[in-house]
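This report covers the strands of a protein model and the helices that pack on them. The sequence and structure come first.

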Amino acid sequence: MLYLKEANIEDIQKEYLFVRDMPVDENGLTNQWNGISREEFDDALKAMMDSAKGENLPEGYVPETFLFLWNDEKIVGQFRIRHYLCESLREGAGHIGYFIHKSCRGKGYGTEGLRLTLQMAKEIIPEDEVYLRVDKNNPASLYVMLKNGGYIHHEDEAKYYVRIKKENKI
């Protein structure tokens, strides 16, 4: 069964192993904690949980909820909801970013994980539409967004900027 859980202390070991092995940057989702030690992850997890509460944010950052997508007892992905848009997010990464582990791709986890994340996002974000961005060389992720009710709002040379209306099948 697939479900989302916010970053939390109870699952720290599994969260640590997942985050440690996430790439530094894959398709625009960055991970500042790639290769981190277990001891250092305590601070990283605190930063994730603080971010969801809007506490101890770096200058220019907005609150962000870190979610892990679980398939039964295994983490298969990470989703992030930025609570509102500042100018850099409005013209950039948008509200939601996500990563599905390479071994778990092509199995519907991205589509279902985004659907679940959108359900949570509509209660968090104030805007009428959820903003997302995807690299043009990542058609699988674009398909996930479109399958969840997204439409291409605009594009540039490298990226599609997708919007999902909050009243869509979220």
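What follows describes two sheets and their packing helices.

The model is predicted, so local features need pLDDT of at least 70 and side-chain atom pairs count only at pLDDT 80 or more, while totals for chains, interfaces and linings use all residues. Residues are numbered from 1 along each chain as its sequence is written, and side-chain values use heavy atoms, without hydrogens and water.

Helices (H or I, at least four residues) and strands (E, at least two) are DSSP runs numbered from the N terminus. Two strands pair if DSSP finds at least two bridges between them.

One open sheet has four antiparallel strands in the order β1-β4-β5-β6. Its edges, β1 (2–6) and β6 (96–100), each pair on one side only. Neighbouring strands are turned by 25° against each other on average, direction ignored. In this sheet, Gln-78 stands opposite Phe-99 in β6.

A second open sheet holds three antiparallel strands, ordered β7-β9-β8. Here the edge strands are β7 (129–135) and β8 (151–155), each paired on one side only. The twist averages 30° from one strand to the next. Tyr-131 stands opposite Arg-163 in β9.

Two antiparallel pairings are listed below.

| Strand pair | Bridges |
|---|---|
| β5 (residues 74–82) and β6 | five bridges |
| β7 and β9 (residues 159–165) | seven bridges |

Helices touch both sheets, where contact means heavy atoms within 4.5 Å. Angles run from 0 to 180 degrees between N-to-C directions, with axes fitted to C-alpha atoms, for helices over the stretch in contact. Helix α4 (residues 109–124) touches β1, β4, β5 and β6, its direction making about 35° with that of β5. Helix α2 (residues 38–53) lies across β1 and β4 (64–71), at about 120° to β4. Helix α5 (residues 139–147) touches β7, β8 and β9, and its direction makes about 160° with that of β7.
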